[in-house]
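Welcome! Take a look at the sequence and the 3D view below, and then work through the exercises one at a time.

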Amino acid sequence: MLEESFERNSAEEGSVVKGTIVGIENDLAIIDVGLKTEGLVALKEFSTPGHPADLSVGDEVEVFLDRIENAMGEAVLSREKARREEAWVRLEKAYEATERVEGQIFGRVKGGFTVDLDGAVAFLPGSQVDIRPVRDVGPLLNIPQPFQILKMDKRRGNIVVSRRAVLEETRAEQRQELIENLKEGDVRDGVVKNITDYGAFVDLGGLDGLLHVTDISWRRVNDPREVLSIGQTVKVQVIKVNPDTQRISLGMKQLEADPWEGVEAKYPVGTRFTGRVTNITDYGAFVELEAGVEGLVHVSEMSWTKKNVHPGKIVSTSQEVEVMVLEVDPAKRRISLGLKQCMDNPWAAFAERYPSGTEIEGEIKNITEFGLFIGLDGDVDGMVHLSDLDWNRAGEDAIQDYQKGQVVKAVVLDVDTEKERISLGIKQLDGDPFEAAAGELRKGATVTCTVAAIHENGIDVTVGDEGMTAFIRRGDLARDRGDQRPDRFAVGDKVDARITNIDKASRRLSLSVKALEIAEEKQAVAQYGSSDSGASLGDILGAALKEKQGGGDE
């Protein structure tokens with residue numbers, strides 16, 4: 001008995017000892033641990049979060065002996081420290097083995113929450129509560145649940161745990177099981193978890209799949225938020241599964257009939273339909289013909305006359321427009337549409353209203369290096385080429401007489417509806433002076449012309465009252481080579497010459513002084529002598545000249 005008494009009294013300060021509850025008074029438990037006096041422990045130290053203490057006299061408990069005797073002669077005991085000591089030993093083993101431990105979230109602190117691990121208090125950071133941010137942790141309080149120990153420091157008494165790590169591990173197991181059972185073509189119910197500009201993430205029960213914006217509907221979806229909302233339950237089809245990356249592609253439109261089937265029969269080329277503008281780009285506008293079927297109106301097919309205008313200035317989104325089917329490609333799911341084809345062709349209308357030879361009037365819209373552009377009826381332009389400005393002057397000189405905004409008259413020369421070109425002429429308003437003058441002239445006739453300009457290789461001359469111009473080459477200035485010098489003429493001199501050719505197509509008149517002298521010589525020989533008469537050439541020409549002078553006197 002003495003030895004047993006010594007064993008019971010061998011308790012040391014700072015250790016866990018067993019004791020018996022000998023009384024309960026005023027929320028305090030009186031515990032006998034075999035020392036000279038009993039110790040007092042608050043009943044609340046025997047309670048757990050959500051569960052009050054359930055003790056009675058005679059119960060055996062373990063407590064921590066802090067001091068054998070205090071100033072009042074009582075043993076200083078602590079149930080909380082005993083539980084903590086027990087818990088630390090157990091938690092250290094679980095931490096080394098990376099095993100999960102069970103605990104209860106019982107309070108909130110700065111940056112996170114406090115967790116009771118059966119006696120030891122651990123810190124749960126806010127980022128480690130769940131996989132996604134949790135707004136309300138009320139449903140998680142005082143509920144036994146598993147945690148993963150991230151960090152332990154017994155000297156400082158710090159324990160950091162994570163609930164998220166447990167959920168991720170469980171989720172990974174679920175994902176692996178789910179992805180092994182998923183097959184392309186499977187139809188599943190899912191919940192929309194997140195929405196982005198390019199699509200939505202759908203939870204299939206532990207595994208998220210991407211529902212791309214182009215697979216939501218056959219019709220154009222610009223923003224997935226217009227069709228889907230977070231938390232919405234949707235039926236989707238598995239399009240593709242990648243077991244390595246665990247990426248899943250989902251689709252909703254695949255569960256509906258493809259509107260492109262038989263599209264050629266529904267939309268024959270050349271037919272007109274009414275559609276709605278769904279999208280406008282720099283290169284054209286997309287028009288929806290039916291749900292899921294869109295066609296492109298290229299910018300070149302939007303207007304007959306507005307060539308360099310942004311499509312947004314011709315049509316607007318959601319506008320109802322009439323279009324014509326130009327081309328259908330079911331393989332590429334493309335339909336080419338035309339907007340201008342449903343309007344009158346202004347070039348054809350102009351050609352019908354103003355045939356060639358019609359005189360018109362319009363404002364000069366632009367002046368370029370090759371002619372004038374004149375605005376005409378039907379919002380079309382016609383061009384007057386430099387060569388059609390003046391009969392006698394060069395185009396570069398004649399164009400100086402015109403200014404932008406000036407109203408001028410012109411004649412329609414030609415209308416090319418395919419190339420969308422209208423050719424006009426201003427000089428054609430007046431008759432061709434060359435034709436008028438050429439009508440009175442004939443080849444071989446002698447004309448008197450006036451020297452207009454002198455060049456090294458010949459002279460420019462004007463003929464008749466119409467001011468027809470011609471060029472006499474150096475070799476045609478005289479019969480004798482010594483007289484074939486342009487510098488022996490002066491501007492304003494009168495010169496007789498013979499017409500050697502009239503080309504109305506090129507409007508060219510060919511003259512020659514040399515040909516005239518040869519012709520006159522032949523005529524004089526024929527009239528006044530012959531080669532065997534014995535008369536010299538000087539005598540013959542002298543006689544001819546004398547007769548000519550005498551005739552002039554008469």
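Buried means under 20% relative accessible area, exposed means over 50%, and partly exposed is in between, using a 1.4 Å probe and protein chains only. Helices (H or I, at least four residues) and strands (E, at least two) are DSSP runs, numbered from the N terminus. This is a predicted model, in which local features need pLDDT of at least 70 and side-chain atom pairs count only at pLDDT 80 or more, while totals for chains, interfaces and linings use all residues. Residues are numbered from 1 along each chain as its sequence is written, and side-chain values use heavy atoms, with hydrogens and water left out.

**Exercise 1. Find which residues of α5 are buried, and what they pack against.**

Step 1. The buried residues in α5 are P346, W347 and F350.

Step 2. Now look down the helix. These residues sit on the same side of α5, because they cover an arc of only 100 degrees around the axis. The arc is that of the directions from the helix axis to the C-beta atoms.

Step 3. The buried residues of α5 pack against β22, β23, β24 and β25; contact here means heavy atoms within 4.5 Å.

Step 4. Check the start of α5, where a side-chain oxygen of N345 comes to within 2.9 Å of the backbone nitrogen of W347. A polar contact is a pair of N or O atoms within 3.5 Å; within protein, one must be able to donate a hydrogen and the other to accept it, and residues adjacent in sequence count only if both atoms are side-chain atoms.

**Exercise 2. Trace the largest nonpolar core and say which element gives the most to it.**

Step 1. Start with the term: a nonpolar core is a set of buried Ala, Val, Leu, Ile, Met, Phe, Trp, Tyr and Cys residues joined through side-chain atoms within 4.5 Å. In soluble globular proteins, nonpolar side chains tend to be buried together.

Step 2. The largest core has 23 residues, and those touching the most other members are F350, L372, L376, L389, I422 and L424.

Step 3. Two or more residues come from each of α5 (346–353), β21 (359–368), β22 (371–376), β23 (380–385), β24 (407–416) and β25 (421–425). The most come from β24, which gives four.

Step 4. Zoom in on L389: leaving out residues up to four places away in sequence, its contacts are L372, V384, G395, A398, I399, Y402, I426 and K427.

Step 5. Another core, of 20 residues, lies apart from this one, and F113, A120, V129 and I159 are among its members.

**Exercise 3. Work out how β7 is placed between its partners, and whether its residues are buried or exposed.**

Step 1. Two strands pair if DSSP finds at least two bridges between them. Strand β6 (residues 100–109) pairs with β7 in the antiparallel sense over five bridges, and I105 stands opposite V115 in β7.

Step 2. On to β8 (residues 120–125): six bridges join this strand to β7, and the two run antiparallel. Here V115 has A122 in β8 as its bridge partner.

Step 3. Inspect the turns. The hairpin of β6 and β7 has two residues between the strands, and G111 takes a positive phi near 85 degrees. The hairpin of β7 and β8 also has two residues between its strands, with D118 in the turn at a positive phi of about 60 degrees.

Step 4. Six of the six residues of β7 (residues 112–117) are buried, so this strand is largely enclosed by the rest of the structure.

**Exercise 4. Locate D258 and list what it touches.**

Step 1. D258 belongs to the loop between β15 (247–251) and α4 (263–266).

Step 2. With a relative accessible area of 18%, D258 is buried.

Step 3. D258 touches W218 and R333, not counting residues up to four places away in sequence. A polar atom of the D258 side chain also lies 3.0 Å from the backbone nitrogen of W260.

**Exercise 5. Describe the backbone and the surroundings of S318.**

Step 1. Most residues other than glycine have a negative phi, and most peptide bonds are trans.

Step 2. S318 is not a glycine, yet has a positive phi of about 75 degrees.

Step 3. S318 lies in the loop between β18 (293–298) and β19 (320–329). S318 counts as partly exposed because its relative accessibility is 46%.
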